[in-house]
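Student: I have a structure to read and would like some help. Could we go through it feature by feature?

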Amino acid sequence: MSEQGIGASVRRTEDQRFLTGRATYTDDINRPGQKYAYILRSPLPHARIKSLDVSAAQAAPGVVAVFTGADMVADGVGGLPCGWLVHSEDGSPMVEPPHMPLVTDRVRHVGDQVAVVIADSYFAARDAAELIEPDYEELDSVASLGAALADGAPLVWDEAPGNRSFHWGLGDKAATEAAFSSAHHVARLELVNQRLVANAMEPRCYLAEYEPASQQYTLYTTSQNPHVIRLLMGAYVLAIPEHKLRVVAPDVGGGFGSKIYHYAEEAIVTWASRKLSLPVKWTAERTESFVSDAQGRDHVSHAELALDKDGQFLGLRVSTQANLGAYLSTFGSCVPTYLYGTLMAGVYRTPAIYVDVQGVFSNTVPVDAYRGAGRPEASYLLERLVDHAARDLGMDPVELRQRNLIPADAFPYQTPVALEYDNGNYQATLAAALEQADYAGFEARREAAKARGMLRGIGVSCYIEGCGIAPSQVAGALGARAGLFEVGTVRVNPTGSVTVLTGSHSHGQGHETTLAQLVVEALGVPLESVEVVHGDTAQIPFGMGTYGSRSLAVGGVALQHALNKVVDKSRKIAAHLLEAAADDVEFKDGNFVVAGTDRSLGFGDVALAAYVPHNYPHEELEPGLEETAFYDPKNFTFPAGCHICEVEIDPETGVTQVVDYTVVDDFGRVINPMIVEGQVHGGLAQGIGQALLERCVYDEEGQLITGSYVDYCMPRADDLPSFNVSTEKTLCTHNILGVKGCGEAGTIGSPPTVINAVINALSPLGVTDMAMPATPERVWQAIRAATRH
Amino acid sequence: MYEFNYQRPGDVASAVAARQGNADALFLAGGMTLLPTLKLRLAQPAELIDLAAIPDLVGAHQEGDVIKVGAMTCHDEVARSATVREAIPALSTLAGSIGDPQVRNRGTLGGSIANNDPAADYPAALVGLGATVETNQRQIAADDFFTGMFETALETGELITGVTFPIPARAGYAKFANPASRYAIVGVMVAETGGTVRVAVTGAGPVVFRQAEMEQALAADFSPEAVAGISVPADDLNEDLHASAEYRAHLITVMARRAVAAARG
């Protein structure tokens, strides 16, 4: 292992600019003559707009223009597309209502876009927006799954009866029914996976500039995937051809999924900049983020696990209601289906599984992927249910898991829910975690806590996730409306420095360091000689962006293919210069050596020869040294691992403190262990946040109760213990790096682990269930209810 | 935020004069509530009179058997003051438990009590310790000062200059913080001063209140056990996403017991 190559904990090179305040976020960019947009949003969850008079706003000081949905429709603007067509069990396509950037007749959630005011300053725009008084006719609304699915519920969309977009199913229904009919025991659980707000540190911001002379548009955007935005907005919404539309996602301060989607405001400012031939910027205030950034989770599920008398899993039956919000966001339909139902096998050899999911509209902010996206929901359901079954059977939950794990020699393993796991060793991660957490010694710690008046509990979960969703052909057959490949270009400059162009996008992940380490490893150049460029459609050939833990598993592997091409061509150039056969030339530590001789040539000399090709194999090779690879994976990657959590609960107040947390992950090959550890820490913080603190709450009508940090509880450092994190490494078998991805694992494994620990702590009192978040009052009420009997 | 005029007078008299006859003017202390309110456009003052440049309003010192704290003294200064720590450690603890470091370095004693947020910590300190509010016009006993939710005995244009805290024989503060905002869901200040016991509860009701049954029990026996069995009725207590009235009622007893334990050291 070199000091900067694969496996080295290199410090993140990008942190210098982040920590010294020199990063360039979208809101830091300003263009000459720039105007400011303010979006007037609906204060009501559901209403018909009887009239919308904007004349007073148009006449207000500093106002350049006011636009409404009618203006955009008149201009031929299209709706925001959904990226995945899901079909129901009966074969019918999902109900896919239009999603106009500015509403035309009805508002469907608090925060819906009603009009845009563009003015000389943000405050002028905002002042003018207060002069718009839409005449609303309030309509009955539905905010919760229960309300939306009730008989006779008000309809969010007239074209979606029962407020259902789809009723999707996966698995073998008959085989599953048969498994249940022969079961010795059936464990049953009702579960709520509460809605969350993503809360990226940087609010969304868009700056669009249209240049009339060239008819060229540039959009600076807080996006995780600028090429996808160019495709969706250009092709579906504004009819701008790609060669006239540049999309730049500069430094982006966190996404967690919420910056994947094509948002209305991107289209609004881009369209307005052409209407006005002026640059237009919109920046969200935090309050707007709460009512306009796509939110996460929001499932209600009924789950049943059939077991035989020895605790072998026979079948799993899951019925889930998934709240989609008022509109289908970009990936709103695939998250609760293909990213959820397909993970229901977990790490277990359950032979028969059937899962059905109803996608439900409501008068709330659209729901889409949030760190983990469907997989945390699957993991939470399954790992809660396994613990529940163990309790039913009077078995140790670890033993029940051990009896059902897919054996290490069973790979590749075909699950009953479509996926084929290529590799893994679930026994190894579980055993390592039990060892590191001193699982065997827990009862002594429980007793010691009891002596201090505290209830201590331990919780275990084994998670699996599918990362780098692929291949495109299969995704397309299942309804994906885009490819899922990635692109990497390696540009070796004449003096031997290297510019990498990647279609992945870094918004906190540290790609500029990790991807550069691949270059160091492959070409033997120092890290300082590598520049990683990302986030600009004008510079990078193409890209599908960063989400679903795909950057390394897809983007990194694409880059590795390009690096291999560079090495191959360099070897041929070196062979020519060394007057040897290419097969006899070895490349090691940055030098080409003729095998068995002392004749060698540095990589830099080869690079120079490629650009100053005086002595060069022109008959065989083109000059220059730049290679691009498009990589479409053969399969998902399957990181997996084991989490063990210990909590202490103050029985007087119900306060739960996470006191110990151990994770053993199998991410395959690890490029930068320090960055991976940081990713796991961040994921754990968000997962523990969901388990204990965070919840997005609407009232019955659809007014957001948790609309600021006064009520929406984000995890803070003092809510978390020091984490004990390590990795096992079984390599992915179908990519050349053997990597799997690590960005979401912490968020996927932790919620069931923490809740299992809370229930374990309360189990001596007879408590068997706990909802997320396990707030102090919920825990106190559970204790009270249990001790009353 | 809407546009407003801004003044920064250098003494109390100028500040009071600036406010006089100006119905749309507001005093700005630390701004921990006022500035977010302005940013959300929920208030529209024509004029803000910033009190930050009045040196007379800042500082904590002892005068005989009382501690005097200037109205513009920030929470962090109260928390760190050796004088306060020596005389009324419970007051240091309370000030150090408010918000986060940023809030503690901007937010002030005077601003907090003038706002009288039902979940603020200081009202419990003032009522529990039997303090007196000093204004440019008069002295107001803490028991008379906090009149209702976000309401005080202050008259329009009246300016708090400081608070006088009698030094108690012993006092303790226990707080159950809202996990999101870190305001008090329930905060209880227990103090024994000059042979009298006071138990003041903040966060639980619409305004800080004294818990008479606990005061009597503690007067007879100043021990955690004395209050442990007292259950507080949930009627009229606050209820929100974070805590029901009955949970708050329960927490009053738990926090009172912990405050007594803290007071006993």
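Student: Which side chains point to which face along strand S25 (residues 626-631) of chain A?

Tutor: In a regular strand the side chains alternate between the two faces of the sheet. Here Glu627(A), Ala629(A) and Tyr631(A) point to one face and are buried, while Glu626(A), Thr628(A) and Phe630(A) point to the other and are not. A residue is called buried if 20 or more other C-beta atoms lie within 10 Å of its own, exposed if 12 or fewer do, and partly exposed in between, with the C-beta atoms placed from the backbone. Helices (H or I, at least four residues) and strands (E, at least two) are DSSP runs numbered from the N terminus.

A word on the source: this is a predicted model, in which local features need pLDDT of at least 70 and side-chain atom pairs count only at pLDDT 80 or more, while totals for chains, interfaces and linings use all residues. Residues are numbered from 1 along each chain as its sequence is written, and chains are lettered from A and ligands numbered from 1 in the order in which they are written.

Student: In which sense do strand S19 (residues 486-492) of chain A and S25(A) pair?

Tutor: Strands of a sheet pair through backbone hydrogen bonds, either parallel or antiparallel. S19(A) and S25(A) are antiparallel, with 6 bridges; two strands count as paired if DSSP finds at least two bridges between them. As one example, Gly488(A) has Ala629(A) in S25(A) as its bridge partner.

Student: In what order do the 7 strands of the open sheet in chain A run?

Tutor: The order is S3-S5-S1-S12-S9-S10-S11, with mixed pairing. At the edges are strand S3 (63-68) and strand S11 (245-248) of chain A, each of which pairs on one side only. From one strand to the next, the twist averages 20°; axes are lines fitted to C-alpha atoms, for helices over the stretch in contact, and angles run from 0 to 180 degrees between N-to-C directions. Within this sheet, strand S1 (residues 35-41) and strand S5 (residues 113-119) of chain A pair in the antiparallel sense over 6 bridges, and Tyr36(A) stands opposite Ala119(A) in S5(A).

Student: Which strands does helix H4 (residues 122-129) of chain A touch?

Tutor: Helix H4(A) packs on the sheet against S1, S3 and S5 of chain A, and its direction makes about 30° with that of S1(A). Contact here has a cut-off: the C-beta atoms of two residues, placed from the backbone, lie within 7 Å.

Student: What about the sheet S22-S23-S24 of chain A?

Tutor: That is an open sheet of 3 strands with antiparallel pairing. Strand S22 (585-588) and strand S24 (600-602) of chain A are at the edges with a single partner strand each, so one side of each has no neighbour in the sheet. Helix H16(A) packs on this sheet, touching S22, S23 and S24 of chain A, at about 125° to the direction of S22(A). Helix H17 (residues 603-611) of chain A lies across S23 and S24 of chain A, at about 75° to S24(A).

Student: How many residues are in the largest nonpolar core?

Tutor: In soluble globular proteins, nonpolar side chains tend to be buried together. The largest core has 324 residues, and those with the most contacts inside it are Ala37(A), Val117(A), Val758(A), Val188(B) and Met189(B). Such a core is a set of buried Ala, Val, Leu, Ile, Met, Phe, Trp, Tyr and Cys residues joined through C-beta atoms within 7 Å. Helix H16 (residues 551-578) of chain A gives the most to this core, 12 residues.

Student: How many residues of helix H13 (residues 442-451) of chain A are buried?

Tutor: The number is 0 of its 10 residues, so H13(A) lies largely in the open. Just after H13(A), Gly453(A) takes a positive phi of about 85°.

Student: And how many residues of chain B are in contact with chain A?

Tutor: 11 residues of chain B contact 13 residues of chain A. Helix H12 (residues 245-264) of chain B supplies the largest share of chain B's side, 3 residues.

Student: What percentage of residues count as buried in each chain?

Tutor: In chain A, 57% of the 789 residues count as buried; in chain B, 46% of the 265 residues do. Chain A has 20 helices and 28 strands, and chain B has 12 helices and 14 strands.
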